[in-house]
Amino acid sequence: MKKSTANSLPTIFNRVYKDMTKDGLRLSFVANREYTLAKDRYTATTFDDYLALSFAIRDRIVERWIATQERYHDENVKRVYYFSLEFLIGRLLGTNMINLGLFSEAEEAAKDLGLNLEELRECESDAGLGNGGLGRLAACFLDSMATLGMPAQGYGIRYEYGIFNQKIINGYQVEFPDEWLRKENPWEFPRQEYTVKVRFGGRVFMSNDPDGRLRANWVDTDDVLAMPFDIPIVGYKNNVVNTLRLWSARASEEFDFSYFNSGDYERAVYDKVLTENISKVLYPNDNVSQGRELRLKQEYFLTSASLSDIIRRFKMENKDLKNLPDKAAIQLNDTHPSIAIPELMRRLVDEEGMEWDDAWDVTIKTFAYTNHTIMPEALECWPVSLFERLLPRHLQIIYEINLRFLKEVSSRFPGDNDRLRRMSLIEESNPKKVRMGNLAVVGSHAINGVSELHTRLLKTILFKDFYELWPERFKNITNGITQRRWLQKANPDLSAIITDAIGDKWATNLYELKKLLPLKEDASFRERWQRVKLDNKKNLAQYIKKTTGVEINPYSLFDVQIKRLHEYKRQLLFSLYIISQYLKLKKNPSAAILPRTFIFSGKAAPGYFTAKLIIKFITSLADVINNDKEVGDRLKVVFLENYRVSLAEKIFPASELSEQISTAGTEASGTGCMKFMINGALTIGTLDGANIEIAEEVGKDNIFIFGLKADEIIKIRSRGYNPMAYIEASPALREILNLIKSNFLSPVEFGLFDPIINNLMYTDYFFVCADFDSYCAMQDTVSKQYVNKTEWTKKSIINVAKSGKFSSDRAVREYAKTIWDMKI
């Protein structure tokens, strides 16, 4: 790209780009407000001004977007296609300004126009396209692929209603629709011309084609139209713009005239409403059969539409689909899109006339599978009866894949019927089920875990049989996060002092942060570091006061656990520790206890009773502690409702202690731990997921590790875990459980928390009781070290300096080299 001069504009690919200056943005803003929105400075609302600025930024993105896509087509490049049911992309205005290198120019332009840039940015809705870490990882990977200049495209669903909006009412989670598209989204482009058909149901019959070969015919189907909406993904200061294509379900017919003419107007549009439910809401409640059916429909809708698009694009420049793996690498982000494997087989065999063995070779070479969890619910097993009804041809293909696969297993391990049963794609239960995790492994040339521990568990437990069959297919690629979003955008003040000290290369090479290490001995640098953290804490304290009414002490330790509510993440363990501190103060009000603010945030799945009860438990605990005048500001508990990307960007920069306390062996990786780390928080955690690798990077003196290890838990579980033995051995835990049993936290609703108590005493599947004393002891160590501000600040600097490994740029490079066969 040529540099701007007084007499020329930047050019790339023989194009002249719009002015990238403050004045250029200001003129674009005014033009868009007038000609696109038909508003002036008197009639424009704040949201109108947000749109006008977004359109001004978007104009500069579009130029680069078109040029990028033209180059991909002209060079007939190999592309990565990232299939994910979730893309938690958050707000895009700030990210796009940063990646274009226009943030300060936009800030100055807004100031010249009498506008506040932060107020405009607050107008943007969080895109409701994801639930948690899975979707946020996908968003980070898209950012990294664009920044690395990699030809890539994401495929997802344009959910009309995203993950629900969470309100805490009387301490309970209450779900409300997330109408993120209620107002105009300036970042999406409808592409009606690329609408494709997706089929469901029907029947299959066999016939001979003109060459006498037997062919399957899938007929009498119920058809749905998939219409794409494109969102540009901007690389960091490199003029590369990739695409996230999201599919929206449309009815093949607007309404049924026969019902309309007979006066049954409601029935006339019934099929349209039912069809468009497919992309209506993110992850329906699958506790009921209709929810399970809709979930499978969503997964097939995504994969079928995306494969249609990929094959269409391939045929524009290529002829023989046997060469598809040379031009397309499809990454399955967890098990959800694995139905793509039989779908590609159907396309190649039934529609393209390819022989089975050739089609299977193409399929395996094209697909790769990332497993994100060993939790059973995420591996997905669908009833055979549901497949027969919704996707009859795909069930036939899965049976054929399974038949051929089991023959291969039998030849390698003759007489091992138990192995055949475990590895089969069909679970011979009542009812029979299709094992989608097994299908993903069998149909992919590479299977990867997302942390070293997780990959080891895949090889030794979850997919042990498959690893023994195909050890070369299994790889580890530890997850990562984009520093452009989680440090540069979320924490601009910390970013500024880092850049002042070591330069700005860290924005594209996070290992550059190692240059901070000597600065931990610089008193003036430590003072600036502490000041930034305190300012971030004060900002979060103001937000908490505004949104919850709770006034917190910004000089207290901000002890934070923000993540999806699940028993294995052990928000309950954190809560029990809080009670222990409260009881110490009640017994001795003058006790020297480190002032702490305990901050929770996260959503529970609507049908997950226990997780929702844990939220009520936390909020009840907060009510008691926050209203106890004897405790004052030494302890505060806050549950911030409606956790989302934009809220996370407020919390991470202010955090000091990162709670990564999942039961060892249950968290595949976790990326929240990395976001805390890059913002200078220290970690207290188990040897689980990425915690292990963080500990390796920072050293044992700069992280707080406690609890049982994964192999120890396996051994204890195998011989029979008795939580009561640990309760009897821990006076503190026994006292806490007795307090809860006495209805201290539920004086109006007697017995409310009995399910929690009974679970801890008699089941405790996630070893809360076993780890409690070890956790409290490590928290005591935290308290002792926190009071030494100099040493704590040094540890904070070390954590940031050693975070280089945890960039999504590094992760994407590893995928490119070891799985996608892509050169960067």
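Start by selecting Asp309: this residue is buried, with a relative accessible area of 0%. Keep in mind as you click around that you are looking at a predicted model.

Now add Arg312 to your selection. Asp309 and Arg312 form a salt bridge, and their closest N and O atoms are 3.0 Å apart. Why are these two separated by about one helical turn? Because they sit three residues apart in helix α10 (residues 289-317). Unlike its buried partner, Arg312 is partly exposed, at a relative accessible area of 28%.

Don't deselect yet. Add Arg191, Asp230, Arg245 and Arg313, and you have a network of salt bridges that links these four with Asp309 and Arg312.

**Next stop: a link between two helices**

Select Asp357 and Arg404. Here is another salt bridge, with 3.1 Å between the closest N and O atoms. Asp357 belongs to helix α13 (residues 356-366) and Arg404 to helix α15 (residues 392-412), so this pair ties together parts that are 47 residues apart in sequence. Buried or exposed: which is Asp357? Asp357 is exposed, with a relative accessible area of 56%. Arg404 is partly exposed, at 37%.

**Then a link between two loops**

Pick Lys569 and Glu667. Their salt bridge has its closest N and O atoms 2.9 Å apart. Lys569 is in the loop between β20 (557-562) and α23 (571-587), while Glu667 is in the loop between β23 (657-660) and α26 (672-678), so the bridge ties together parts that lie 98 residues apart in sequence. If you turn on a surface, remember that both Lys569 and Glu667 are buried.

How many salt bridges does the count come to? The total is 69, so there are others to hunt for once the tour is over.

**On to the six-stranded sheet**

Switch to cartoon view and colour β20 to β25. You get an open sheet of six strands, paired in parallel, in the order β22-β21-β20-β23-β24-β25. At the edges are β22 (635-640) and β25 (704-705); each has a single partner strand, so one side of each has no neighbour in the sheet.

Zoom in on the β25 edge. Strand β24 (residues 682-685) runs parallel to β25, and two bridges join them. For a landmark, find Gly685, which stands opposite Ile705 in β25. Now show helix α22 (residues 523-548), which lies across β20, β21 (596-601) and β22. The helix runs at about 70° to β22.

**A sheet with three strands**

Select β15, β16 and β17. This open sheet has antiparallel pairing and the order β15-β17-β16. The edge strands are β15 (381-383) and β16 (426-427), each with a single partner, so each has one side without a neighbour in the sheet. Two bridges pair β16 with β17 (residues 433-435) in the antiparallel sense, and Ile426 stands opposite Val434 in β17.

**Zoom out**

Show the whole chain again: there are 34 helices and 25 strands in it. The radius of gyration is 28 Å, close to the 28 Å that the globule rule gives for 824 residues, so the chain is as compact as a globular protein of that length. Along the principal axes, the C-alpha atoms fill a box of roughly 90 × 80 × 60 Å.

Of the 824 residues, 59% count as buried. Switch the surface on for a last look: the accessible surface comes to about 32900 Å², and 50% of that belongs to carbon and sulfur atoms.

Notes
Residues numbered from 1 in each chain as written. Predicted model: local features only at pLDDT ≥ 70, side-chain atom pairs only at ≥ 80, totals over all residues. Heavy atoms only, no water. Salt bridge = Lys/Arg side-chain N within 4 Å of Asp/Glu carboxyl O. Helix = DSSP H or I, 4+ residues; strand = E, 2+ residues; numbered from the N terminus. Buried < 20%, exposed > 50% of the residue type's maximum accessible area, 1.4 Å probe, protein only. Pairing = 2+ DSSP bridges. Rg over C-alpha atoms; globule rule 2.2 N^0.38 Å. Areas by Shrake-Rupley, 256 points an atom, 1.4 Å probe, with all protein chains shown as cover. Contact = heavy atoms within 4.5 Å. Axes fitted to C-alpha atoms, helices over the stretch in contact; angles between N-to-C directions.
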